[in-house]
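Trainee: I have a new model to read today. Could you take me through it, one feature at a time?

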Amino acid sequence: MIGALIATLTLPAAADTYWPSESDIVTPTARGLSVASEDGTARAEIPFGTGFQDTMHGLIGIFGWEVDVTFPQECGAGPMVSADWPRDITLMFENDRFAGWFLGTGDLLSTDSGLWHGAPTSNLTTPGGVSFFESGLGTEFDSAGLYGLLTEDGARVEAIWTGVNCIFR
């Protein structure tokens with residue numbers, strides 16, 4: 001049922017609508033997602049607040065149909081919809097709008113500031129600085145609107161997120 005829903009929501013609205021290809025590159029940013037062709041030509045921005053249908057339309061053409069759509073039951077942010085492309089990214093939707101993303105174990109994307117799961121902490125360089133703090137999860141960081149968690153030894157980035165997420169501390 002969810003697959004049929006996604007299929008109807010992701011069909012191109014018009015013949016002249018850009019349909020992303022598998023070779024396009026998705027880059028998570030503090031404002032949402034940036035999509036570019038393989039040669040680096042900018043194609044589209046998918047900012048936070050973009051509707052579920054438009055977001056999924058853009059990303060299924062790149063990541064494919066193997067997406068796991070769930071409804072997290074106990075999210076501190078309230079009712080959410082999660083769309084997870086294993087080895088790529090997890091997106092969070094609130095009120096039918098793209099509200100956040102999460103990169104964790106096994107995800108291969110890299111942010112526009114050079115962070116990815118497993119990146120060395122030396123990559124945490126941001127004009128204005130990076131702040132670190134201890135939480136129930138471990139050592140977290142805030143780097144120009146991107147948030148994350150370091151590995152237990154503090155040497156690498158374990159997870160990165162921004163926007164609305166289900167992070168339990």
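Trainee: How many aromatic pairs does the count come to?

Mentor: This is a predicted model, so keep that in mind throughout. Aromatic rings pair if their centres lie within 6.5 Å. By this rule the count comes to 5 aromatic pairs. Take Phe48 and Phe98. Their centres are 4.9 Å apart, with 50 degrees between the planes, and the pair is tilted.

Trainee: Where in the chain do Phe48 and Phe98 sit?

Mentor: They come from distant parts of the chain, 50 residues apart. Phe48 is in the loop between β3 (42-47) and α2, and Phe98 is in strand β7.

Trainee: Are these two rings buried or exposed?

Mentor: Use the relative accessible area. Buried means under 20%, exposed means over 50%, and partly exposed lies in between. Phe48 has 25%, so Phe48 is partly exposed. Phe98 has 1%, so Phe98 counts as buried.

Trainee: What kind of pair do Phe52 and Phe93 form?

Mentor: An edge-to-face one. The angle between planes has to be over 60 degrees for that name. Here the planes of Phe52 and Phe93 are 70 degrees apart, and the centres are 4.8 Å apart. This pair also links distant parts of the chain: Phe52 is in helix α2 and Phe93 in strand β6, 41 residues apart. Phe52 is buried, because its relative accessible area is 8%. Phe93 is buried too, at 2%.

Trainee: Which residues form one aromatic cluster?

Mentor: Phe48, Phe52, Phe93 and Phe98 do. Find these four on screen and view them together.

Trainee: Next, the fold. How many helices and strands does the protein chain have?

Mentor: Start by listing the elements in order. The protein chain has 2 helices and 11 strands. Read along the sequence, the pattern is α-β-β-β-α-β-β-β-β-β-β-β-β.

Trainee: How do β1 and β2 run, parallel or antiparallel?

Mentor: For strands, look at direction, bridges and the connection. β1 (residues 25-29) and β2 run antiparallel, joined by 5 bridges. One example is Val26, whose bridge partner in β2 is Val35. The connection is a hairpin through 2 residues. Check cover as well. In β2, 5 of its 5 residues are buried.

Trainee: What is in the largest nonpolar core?

Mentor: A core is a network of buried side chains, so look for the residues with many contacts inside it. The largest one here has 29 residues. Those with the most contacts inside the core are Leu33, Leu59, Trp85, Ile89, Leu91 and Trp101. Several elements give two or more residues to this core, including β2 (32-36), β5 (81-85), β10 (146-150) and β11 (157-163). The largest share, 6 residues, comes from α2.

Trainee: Which residues does Trp85 touch?

Mentor: Set aside residues up to four places away in sequence. Then Trp85 touches Met56, Leu59, Ile60, Phe63, Gly64, Glu66, Val67, Leu91 and Asp107.

Trainee: Now the backbone. Which residue in the loop between β6 and β7 has a phi near 55 degrees?

Mentor: With phi, check the sign, then the residue type. Asn95 has that value, a positive one in a residue other than glycine. Asn95 lies in the loop between β6 and β7. Asp96 lies in that loop too. Phi of Asp96 is near 65 degrees, again positive in a residue other than glycine. Asn95 counts as exposed, because its relative accessibility is 69%. Asp96 is exposed as well, at 51%.

Trainee: What about the chain overall: how much of it is buried?

Mentor: Buried residues make up 40% of the 169 residues. The chain exposes about 8800 Å², and carbon and sulfur atoms supply 54% of that. Look at contacts with a separation of 6 or more. Residues 24 or more positions apart account for 47% of them.

Trainee: Last one. Which element has the lowest mean pLDDT?

Mentor: Read pLDDT as the predictor's confidence in each residue. The chain mean is 85, and 85% of its residues reach 70 or more. Among the elements, helix α1 (residues 2-9) has the lowest mean, 47, and β7 the highest, 97. Over residues 3-16 the pLDDT is below 50. Beyond near neighbours in sequence, that stretch has 16 contacts in the model.

How values were computed:
Residues numbered from 1 in each chain as written. Predicted model: local features only at pLDDT ≥ 70, side-chain atom pairs only at ≥ 80, totals over all residues. Heavy atoms only, no water. Core = buried A, V, L, I, M, F, W, Y, C linked by side-chain atoms within 4.5 Å. Buried < 20%, exposed > 50% of the residue type's maximum accessible area, 1.4 Å probe, protein only. Helix = DSSP H or I, 4+ residues; strand = E, 2+ residues; numbered from the N terminus. Contact = heavy atoms within 4.5 Å. Pairing = 2+ DSSP bridges. Areas by Shrake-Rupley, 256 points an atom, 1.4 Å probe, with all protein chains shown as cover. pLDDT = per-residue confidence, 0-100. Phe/Tyr/Trp six-rings, centres within 6.5 Å; stacked < 30°, edge-to-face > 60°.
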